[in-house]
Amino acid sequence: MQDHMLGEIVAATIEQGLLSDEYPIIGAIDVDYVKRRIDELHAAFPDTCRVQHCFAVKACSFEPVIELFAQNGMGAEVASPGELRLALSVGVPAASIVLDSPVKTRSEIEAALDCGVSLNIDNFDELDEVDALLTDRHPAAPIGLRINPQTGSGSVESVSTASATSKFGIPLHHPDNTRRIVEAYKRHPWLTQIHVHTGSLGCPLELIAESIAVIHDLAEQINDEIGSEQITRLDIGGGLPVPLSPHDKPPQFTDYVEALRARTPSIFDGRFEFVTEFGRAFVAEAGVMLTRAQYTKEAGSRRIVLTYAGAQVASRTVYDPDSWPIHISVHSPEGLAKSGVELPHDIAGPCCFSGDLVAENRMLPKVETGDLVVLHNVGAYYLSSHYSYNELPPIGVFGLRRHGTGLTIETIRPVPDT
Ligand SMILES: *Cc1c(COP(=O)(O)O)cnc(C)c1O
């Protein structure tokens, strides 16, 4: 988030009393930023082919956020019955929804077929299940197989999905699988889509482009063997990287499109329609959390800051701090960004276990009781991914939009009942 927007959010938080004794931590989303990113995605893709852009709902699963995407011409990628319900409830048309959950019960598949959303099948067992349910009907939306191209991992193993042993999709290079995949498409004319998603952070563009090249070529091979253009849609997933530290310069949507074109020059020649499923890239940098240094203390050589930001709002970071570092800044009680000599700090949360730290040994200007502590770039996979440890409630989240010279504040998730 840009400094001036952060400054305005901090000022608004203080002036409006959003952070209080009752609500010692809040989240905020820069709605204009999200809208700008959506516009950038639309502009980045060439006009030569049809594209259904979907927002990966799990990145920020608030109704007003999904609605914002829908109002700006985007569908939804959902991965559970709850996410599917959310998307439908805010008016995303079924035809613009793709369901990708790795495991689905028979009734979940039936419900998805009934409401007419697109579906990506994870494995051969699931293919049999869908086939049995389609004996007397034709699906209303494209159905695809999710392929694991086994092109490799990004820097974060737990969210890499194209490694040799990933739990996702049909591993392409497993003995006999290429033949079985081609046979599946031959046997089931309703299989008209193919899906790949390489990972959800730390995957370089070249790796993403390689995975997409693999399924593009596989789709051509399958269509050639069948002798018709049965596969019409390539669902190419999401995973555009975002900055993990303030110095990172992550690629943009235009770089992504260029990388696909560089690897597969004919990719946008209009033969295939596309689905995209970006999540993090739209919202990560749009979100912050604000809390106060409730108490500060020294223990041994540690300077500990006790706040309300802990595992309940940042579970990935607390349990795997090296993979998911959070950038933190400190502001005076009046909201001025602190600077000056930096000291190592442990920023601790409210959960009752010692490891509940959102940052350890972090160099920061001296944090004092009453200061504002800001967690940056938490719009994706944090604000909406609450973890209910210690019965700590989901935090209130506000949306901020620029309106003339001021900001308007809207509720994205109401503050908890206290
Ligand atoms: C999580 C996920 C996405 C979104 O990934 P981002 O890194 O947030 O862009 C897209 N597709 C699938 C199948 C996913 O699991």
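Start with the cysteines: a search through this whole predicted model turns up 0 disulfides. A disulfide, remember, is a covalent bond between the sulfur atoms of two cysteines. Select Cys 351 to see one that stays out of any such bond; its nearest cysteine sulfur belongs to Cys 352 and lies 7.9 Å away. Because a disulfide needs the two sulfur atoms within 2.5 Å, a gap of 7.9 Å rules this pair out. Now look at how each one sits. Cys 351 is buried, at 6% relative accessibility. Cys 352, on the other hand, is exposed, with a relative accessible area of 63%.

Next stop, the interior. Nonpolar side chains tend to be buried together in soluble globular proteins. Here the largest nonpolar core takes in 116 residues. To light up the ones with the most contacts inside this core, select Ile 29, Phe 55, Leu 145, Ile 181, Ile 194, Tyr 256 and Phe 282. Which helix gives this core its largest share? Helix 8, residues 205-226, with 9 residues.

Zoom in on Ile 29 and show what surrounds it. Leaving aside residues up to four places away in sequence, Ile 29 touches a list that includes Val 34, Cys 60, Phe 62 and Val 65. Further along the chain, Ala 286, Gly 287, Leu 383 and Ile 412 are also among its contacts, and so is the run Val 397, Phe 398, Gly 399 and Leu 400. Keep Phe 398 selected for a moment: a second, separate core of 16 residues includes Phe 398 along with Met 1, Leu 18 and Leu 19.

Back to helix 8, this time for its length. Its 22 residues should span 32 Å at 1.5 Å a residue, and the end C-alpha atoms are 31 Å apart, so the two agree. Step just past the end of helix 8 and pick Gly 227, where phi is positive, about 85°.

Last, switch to a cartoon view and find the open sheet of 4 strands, which follow the order 12-13-15-16 with mixed pairing. Where are its edges? They are strand 12 (295-299) and strand 16 (357-365), each pairing on one side only. From one strand to the next, the twist averages 30°. Strands of a sheet pair through backbone hydrogen bonds, either parallel or antiparallel. For a parallel example, select strand 13 (residues 302-306) and strand 15 (residues 342-348), joined by 3 bridges. Finish on Leu 306, which stands opposite Ala 348 in strand 15.

Methods. Residues are numbered from 1 along each chain as its sequence is written. This is a predicted model: local features need pLDDT of at least 70, side-chain atom pairs count only at pLDDT 80 or more; totals for chains, interfaces and linings use all residues. Side-chain values use heavy atoms; hydrogens and water are left out. Buried means under 20% relative accessible area, exposed over 50%, partly exposed in between (1.4 Å probe, protein chains only). A nonpolar core is a set of buried Ala, Val, Leu, Ile, Met, Phe, Trp, Tyr and Cys residues joined through side-chain atoms within 4.5 Å. Helices (H or I, at least four residues) and strands (E, at least two) are DSSP runs, numbered from the N terminus. Contact means heavy atoms within 4.5 Å. Two strands pair if DSSP finds at least two bridges between them. Axes are lines fitted to C-alpha atoms, for helices over the stretch in contact, and angles run from 0 to 180 degrees between N-to-C directions. The expected span of a helix is 1.5 Å times one less than its number of residues.
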